[in-house]
Amino acid sequence: MNTSHRVLACWILAIAAVTSHAAEGDAEAGRRKTVTCNGCHGQASMKAVPNLGGQSATYFIAAMRAYQDGRRGHATMRDVAKAYSDKELKNFAAYYAQFAASAETPVPGNETPAGARACETCHGVLGRVPVNPDSAVLAGQKPVYLKTALREYREGTRPHAVMREAAGDLQDAEIDALAEYFAGLPGLVVK
Ligand code: HEC
Ligand code: HEC
């Protein structure tokens, strides 16, 4: 095995390890506890509250852990996330991941802004099925939420080295165009 094969093999093993989150969770147990979440996440009209239906299980768990340990500073979500064990987070993740859009869902004519292809190297073609499950599904997310998240990565108030790098040089107009583009693609649903 040469070095690049070894690197590839490690990467595949790492992906296999992270994608097993969804398999570990009990989706029905997760669903039963979503009553609390639905008051915010189940509301299409709450523009700053992200859609969770179809989100990557691995990303979901990473986001909840970041609220728990304060890497993400949102006060409400910190209190929410702290109330749940790791097992409960896996159950929630398995429940929400069930709504993932099929890769075959047709895409309406939606002009691709400059820079979107670079995002798709991690977030997947059309932002729908992340290449690396650590990154998020972007398609169908609420545009206001995407804009806020991108500004926070750019400014470092939502610290994440990879996304700081990806968003660091984006101008406001570019952020707005990318957010509107990904939000306009079929993907996540209100859940
Ligand atoms: C009072 C409203 C409210 C409730 C209740 C609530 N959330 Fe949230 N949630 C939010 C808001 C607002 C955000 C965006 C925070 C930010 O900008 O970081 C969020 C973000 C999240 C995220 C990050 C999503 C992403 O794309 O990064 C996850 C995961 C999440 N919530 C899960 C849950 C779960 C599971 C529950 C129920 C146990 C829940 N939330 C209850 C308001 C709420
Ligand atoms: C090298 C891989 C990589 C590239 C390239 C990349 N991202 Fe990300 N992205 C990630 C990862 C990993 C996360 C999860 C970060 C976290 O846990 O907070 C993420 C998270 C996000 C989020 C937060 C989603 C949510 O639900 O809160 C948005 C929005 C986002 N990326 C948009 C973009 C855009 C737009 C681009 C192109 C300009 C881009 N990303 C390029 C890897 C990448």
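Colleague: Which helix gives the most to the shell around ligand 1?

Modeller: In this predicted model, helix H3 gives the most to that shell, with five residues. Helix H3 (35–41), helix H4 and helix H5 (75–82) each supply at least two residues of the shell around ligand 1. Altogether 20 residues surround ligand 1, and the closest are Cys37, Cys40, Pro50, Ala63 and His74.

Colleague: How many residues of each class does the shell around ligand 1 have?

Modeller: The shell around ligand 1 has 13 nonpolar, six polar and one charged residues. Cys, Pro and Ala count as nonpolar in this scheme, whereas His falls among the polar residues.

Colleague: Which elements give two or more residues to the shell around ligand 2, and how many residues surround that ligand?

Modeller: Ligand 2 is surrounded by 23 residues, of which the closest are Cys119, Cys122, Ser135, Ala136 and Ala166. The elements giving two or more residues are H4, helix H7 (116–123), helix H8 (143–155) and helix H9 (161–167). The largest share, five residues, comes from H7, and by class the shell around ligand 2 divides into 16 nonpolar, six polar and one charged.

Colleague: The axes of helix H4 (residues 57–68) and helix H6 (residues 86–97) come within 9 Å and cross at roughly 140°; why is H4 called oblique to H6?

Modeller: An angle has to be over 145 degrees to count as roughly antiparallel, and 65 to 115 degrees to count as roughly perpendicular. The crossing of roughly 140° fits neither description, so H4 is oblique to H6. The crossing of H4 and H6 is right-handed.

Colleague: Which residues of H4 and H6 meet, and how do they divide by class?

Modeller: From H4 come Ala57, Phe60, Ile61 and Met64, which meet Leu89, Lys90, Phe92, Ala93, Ala94, Tyr96 and Ala97 in H6. This contact has ten nonpolar, no polar and one charged residues, and since Lys counts as charged, the charged residue is Lys90.

Colleague: How do you know that H4 and H5 are roughly perpendicular to each other?

Modeller: Their axes come within 7 Å and cross at roughly 105°, and because angles from 65 to 115 degrees count as roughly perpendicular, H4 and H5 are described in that way. The contact is made by Met64, Tyr67 and Gln68 of H4 together with Met77, Arg78, Ala81 and Lys82 of H5; by class, these residues divide into four nonpolar, one polar and two charged.

Colleague: H8 and helix H10 (residues 172–183) pack at an angle of about 140°, with their axes 9 Å apart; what makes H8 oblique to H10?

Modeller: The angle of about 140° is not over 145 degrees, as roughly antiparallel would require, and lies outside 65 to 115 degrees, so H8 is oblique to H10. H8 passes H10 in a right-handed crossing. Here Pro143, Leu146, Lys147, Leu150 and Arg151 in H8 meet Ile175, Asp176, Ala179, Glu180, Phe182 and Ala183 in H10, a contact with seven nonpolar, no polar and four charged residues.

Colleague: What pLDDT does the protein average, and where is the pLDDT below 50?

Modeller: The protein averages a pLDDT of 89, and 88% of the residues score at least 70. Over residues 1–21 the pLDDT is below 50, and this stretch has 13 contacts in the model beyond near neighbours in sequence.

Terms used
Residues numbered from 1 in each chain as written. Chains lettered and ligands numbered in written order. Predicted model: local features only at pLDDT ≥ 70, side-chain atom pairs only at ≥ 80, totals over all residues. Axes fitted to C-alpha atoms, helices over the stretch in contact; angles between N-to-C directions. Helix = DSSP H or I, 4+ residues; strand = E, 2+ residues; numbered from the N terminus. Parallel < 35°, antiparallel > 145°, perpendicular 65-115°, else oblique. Left-handed = near helix turned anticlockwise from the far one by under 90°. Contact = placed C-beta atoms within 7 Å. Near = placed C-beta within 6 Å. pLDDT = per-residue confidence, 0-100.
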